[in-house]
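Trainee: I would like a close look at a single part of this protein, with the terms spelled out as you go. Please take me through one helix and then show me where it sits in the wider fold.

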Amino acid sequence: MRIIAYIYSDPLLESAPSTDIWGLEIDRVYQDLGDHQQLEQLIADCTIEKANYLLVRRLEELGDNIEMISDRLGKLEALGIEIIATEQDYSSVGWQQLSNYAPHDSTEPHLKLNLSKLLQQIQTNKQRTRLKQGHARNRLKILPPPGKAPYGYRRGQDKYIIDKSTAPVVKDFFERFLLFGSLRGAVKYLEKRYGKKISPSTGRNWLTNPVYRGCLKYKNNEIISHTHAEIINPEEAAQIDRLLRRNSRLPTRTASAPRSLAGLVICQQCQLTMNITRVTQHQKKAEYLYLRCHKCPQQPKCRAIAYAQVLERIIDKICVELPQAVAQPNLPDNSTIKAKLKQEVTQKQAVINQLPTLLQQGILDRETVELRNYNLRTEISELENKIAQLPPGNLQAIAQAVSLPQFWLDLSEAERRFYFREFIKQIKITRNNSQAWDLKLVFIF
Ligand SMILES: [Zn+2]
């Protein structure tokens, strides 16, 4: 018994499947990419050497339209070949029989195709494929997906163009978010400043929309960078991502939100973490917070210090010391990783640059060049995204942004806590005598 198999795949829509997907020994696998040349070869070969079974994944793979498919089916059947489509319903029984087939079995399975049943299914599949192919061709040409351009842009002939009247609004929104790290705050600001009403979820979509970062994102989730003018640069984009990640972990702004200094401050004297205690005065609304050595072993005990005072001094100190700490040359850096990623980008860019020549010389055809170009640019986008997410590159920029006292004062305690933990491992309180105290920031780097 001779079993052959045929695989057709459209390189626009899928990468070529492996030839050993059948789970049983095949005498020969014919494979086509984008045309049906090998199928013709298969039919020609079968006129010389008879095959008993032909395995395909789906009948649609036999042609571009129903006429072609029926024609090939007719030819193959006329050659006495039983066709089994492994991914379509009707084939399951036949598949079972074939798997259990023993060469000496007298009752050879007879598998008849029910074309009329499949006709509708094939037609629908073909229509879907054609639509996908259209989108895929546009994608390969790196054209924007169908539909309205996002706010801040308008559709140009082959790419998005900055809309000079609305883009500054979007830009301002991003800057506001970067400054205060609050989505709702930025949304409110937009309405107050420009009368532009958007919902927080729209605001969130803006913050993550690749279009504002100069990239196109397609339905298949692939991203191509540098397709049009960006509204935010990669560093800002990476910072937005960090803020969003941090905010998503933040508890909602409630009275029970953890204090920004909780667990961070230790008493140098007794090496104990200082607790936060709350004191409310009788019949008064005001509450006072203190930092106190928990179970202080000293005699007399270390004095409690007003929380607000410590916080104020920490903010002053961080604004002075953080830029210095970040500027240190011995910072653990990811420069080697970064250099390696950048080198990969350069290499891929070099391949892209060669493509026009290869096309001109007739080594590659236009479709292959477009596909290769598309894939390389997707890979470059992924690499660039990795580079942007590397922390040390951003650290300088972040340190600059957070070295203004106003920045810290505008944050809620919960937000402040997250920022502190981004940079500070520990805060040590040192005491000179019973009254005076000082503090020392221990950065995480
Ligand atoms: Zn103490």
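Mentor: What follows is a walk along helix H6, and then a shorter look at a sheet and at the whole chain.

This is a predicted model, in which local features need pLDDT of at least 70 and side-chain atom pairs count only at pLDDT 80 or more, while totals for chains, interfaces and linings use all residues. Residues are numbered from 1 along each chain as its sequence is written, and side-chain values use heavy atoms, with hydrogens and water left out.

Helices (DSSP runs of H or I, at least four residues) and strands (runs of E, at least two) are numbered from the N terminus. Helix H6 holds 12 residues, 183-194, and should span 16 Å at 1.5 Å a residue, which agrees with its end C-alpha atoms being 16 Å apart; the expected span is 1.5 Å times one less than the number of residues.

The buried residues of H6 are Leu183, Ala186, Val187, Tyr189 and Leu190, where buried means under 20% relative accessible area, exposed over 50%, and partly exposed in between, with a 1.4 Å probe and protein chains only. Because these buried residues cover an arc of only 160° around the axis, they lie on the same side of H6, the arc being that of the directions from the helix axis to the C-beta atoms. They pack against helix H5 (167-180) and helix H7 (200-208), a contact being heavy atoms within 4.5 Å. On the other side of H6, Arg184, Lys188 and Lys192 are exposed.

At the N-terminal end, serine 182 caps H6, with a side-chain oxygen 2.9 Å from the backbone nitrogen of glycine 185. Just after H6, glycine 195 takes a positive phi of about 65°.

Elsewhere in the protein, an open sheet of 4 strands has the order S2-S1-S3-S4 with parallel pairing, and two strands pair if DSSP finds at least two bridges between them. The edge strands of this sheet are S2 (28-33) and S4 (82-85), each pairing on one side only. Strand S1 (residues 3-9) is joined to S2 by 6 bridges, and the two run parallel; isoleucine 7 stands opposite glutamine 31 in S2.

As for the whole, the protein has 14 helices and 14 strands, and buried residues make up 41% of its 445 residues. Of the contacts in the protein with a separation of 6 or more, 62% come from residues 24 or more positions apart.

Conventions. A polar contact is a pair of N or O atoms within 3.5 Å; within protein, one must be able to donate a hydrogen and the other to accept it, and residues adjacent in sequence count only if both atoms are side-chain atoms.
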